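The following exercises invite the reader to work through one molecular structure step by step. Please keep the sequence and the 3D view at hand while reading each solution.

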Amino acid sequence: MKTSFESRYAVSPGEAKQFDTAALRKNFLMESLFEADAVKLTLSHYDRYITGGVMPVNETVELSNPENLKAAYFLERRELGIINVGAKGKIVADGVTYDLEFKEALYLGKGTQTVSFASEDKSNPAKFYINSAPAHHTYPNKKVSKADAEIVELGSPETANHRVINKLLVNSVLPTCQLQMGMTELKSGSVWNTMPAHTHDRRMEVYFYFEVPQGQSVCHFMGEPQETRHIWMQNEQAVISPNWSIHSGAGTSNYTFIWGMAGENLDYGDMDHCAINDLK
């Protein structure tokens, strides 16, 4: 089993607007999250948020405890959200087994000491997308399927942003300390997510794009509303969104993305909206 851990420092809006394409990608884009029988983790200094991927193929993969965390075990002071974006797999947390199908989620609370991941079929492995944030309290571990989610339908075909928001790991579904995760599925013919765009100064966010058809891409927009930038993204890539930045994307096809966030509060609607005509 292999573990990789990368740390990304926080960047101010003044610095970011000086970045060229390579610097933007180096600081905010996570190009590769899944590697056979490996745990890949990236820690952002925005709210100490960790993004990663686990793809067990030939063996059961243990959630490692990187030295950088200075913890007795990974979830000693953290909570963890997991969404399976691959084939069927299972997670064993402190001896309890959770079977996860495609697009099902699992919340693991602070104090969970052992976590392992396995695929049902190595020729068609599970892909566990994970987000983690610091936690101050222990909440119960819980599996959440799409049937358990809070579902909201927004947008319209006329504005190319017709989408279904599946709120999976949010406080209206289950208690968490600060981590929130969900999944937005764009309808056929729609390409825009989160439009009109917004910022939320009290939370950072990470977007993970998947179900992007072969040969297609998503253009992710970021930056201050009056100083936007963009990053072209491919299937199964993630991008860090600072609290001062908008976060919106337009694809050359419809697609699905997972949003995860953490910060001062659990108010999903705590957003500072940006009028479309004011973006620059």
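**Exercise 1. Determine which residues lie nearest the centre of the largest pocket, and which strands supply its lining.**

Solution. The structure is a predicted model.

Step 1. The lining of the largest pocket consists of 21 residues. Nearest its centre lie Ile 165, Thr 194, His 198, Tyr 268 and Met 271.

Step 2. At least two lining residues come from each of strand S13 (150-154), strand S14 (163-169), S18 and strand S23 (256-263).

Step 3. The space in this pocket is about 290 Å³.

**Exercise 2. Identify the residues covered by the UniProt annotation "binding site", and state where they stand with respect to the largest pocket.**

Solution. Step 1. According to the unreviewed UniProt entry, the annotation "binding site" covers His 198, His 200, Glu 205 and His 247.

Step 2. These residues span 50 residues in sequence, but no two of their C-alpha atoms are more than 11.7 Å apart, so they gather at one spot.

Step 3. His 198, His 200, Glu 205 and His 247 are included in the lining of the largest pocket.

**Exercise 3. Are His 200 and Glu 205 buried or exposed? Describe the surroundings of each.**

Solution. Step 1. His 200 is placed in the loop between strand S17 (198-199) and strand S18 (203-210), whereas Glu 205 is found in strand S18.

Step 2. A residue is buried when its relative accessible area is under 20%. His 200 has a relative accessibility of 2% and therefore counts as buried. Glu 205, with a relative accessible area of 4%, is also buried.

Step 3. Residues up to four places away in sequence are not counted in the contacts that follow. His 200 touches Glu 205, Asn 243, His 247, Met 261, Asp 270, Met 271 and Asp 272. Among the residues that Glu 205 touches are His 200, Val 239, His 247, Trp 259 and Met 261.

Step 4. The side chains of Glu 205 and His 200 are joined by a polar contact of 2.9 Å. The side chain of His 200 also reaches the backbone oxygen of Arg 203, at 3.0 Å.

**Exercise 4. Which residues line the largest cavity, and which element gives the most to that lining?**

Solution. Step 1. Rolling a probe the size of a water molecule over the atoms shows where empty space is left.

Step 2. The structure holds 1 cavity of 30 Å³ or more, and the volume of the largest cavity is about 50 Å³.

Step 3. The lining of the largest cavity is made by Pro 13, Ala 16, Lys 17, Met 222, Gly 223, Glu 224, Glu 227, Arg 229 and Trp 244.

Step 4. Helix H1 (13-16), strand S19 (218-224) and strand S20 (227-233) each supply at least two of the lining residues. S19 gives the most, with 3 residues.

**Exercise 5. Give the strand order of the open sheet of 4 strands, and explain why S5 and S8 each have one side without a neighbour in the sheet.**

Solution. Step 1. The order of the strands is S5-S10-S7-S8, and their pairing is antiparallel.

Step 2. Strand S5 (61-62) and strand S8 (96-100) stand at the edges with a single partner strand each, so one side of each has no neighbour in the sheet.

Step 3. Strand S7 (residues 89-93) runs antiparallel to S8, and 5 bridges join the two. In one of the pairings with S8, Ala 93 has Val 96 as its bridge partner.

**Exercise 6. What backbone values are found at Pro 196, Lys 103 and Glu 236?**

Solution. Step 1. Most residues other than glycine have a negative phi, and most peptide bonds are trans.

Step 2. The peptide bond from Met 195 to Pro 196 is cis, with omega near 10°. Pro 196 is placed in the loop between strand S16 (192-193) and S17.

Step 3. Lys 103 has a positive phi, near 70°. Its place is in the loop between S8 and strand S9 (105-108), and Lys 103 is buried at a relative accessible area of 9%.

Step 4. Glu 236 has a positive phi, near 60°. Glu 236 lies in the loop between S20 and strand S21 (237-241), and it counts as buried at 17% relative accessibility.

Methods. Residues numbered from 1 in each chain as written. Predicted model: local features only at pLDDT ≥ 70, side-chain atom pairs only at ≥ 80, totals over all residues. Heavy atoms only, no water. Pairing = 2+ DSSP bridges. UniProt positions renumbered as here; feature names shortened; annotations may be inferred. 1 Å grid on protein atoms, 1.4 Å probe; cavity = no way out; pocket = protein on both sides within 12 Å on 5 of 7 lines; lining within 4 Å. Buried < 20%, exposed > 50% of the residue type's maximum accessible area, 1.4 Å probe, protein only. Contact = heavy atoms within 4.5 Å. Polar contact = N/O pair within 3.5 Å; in protein donor to acceptor, adjacent residues only side chain to side chain. Points joined across faces, edges and corners; volume = space filled by probe spheres on them.
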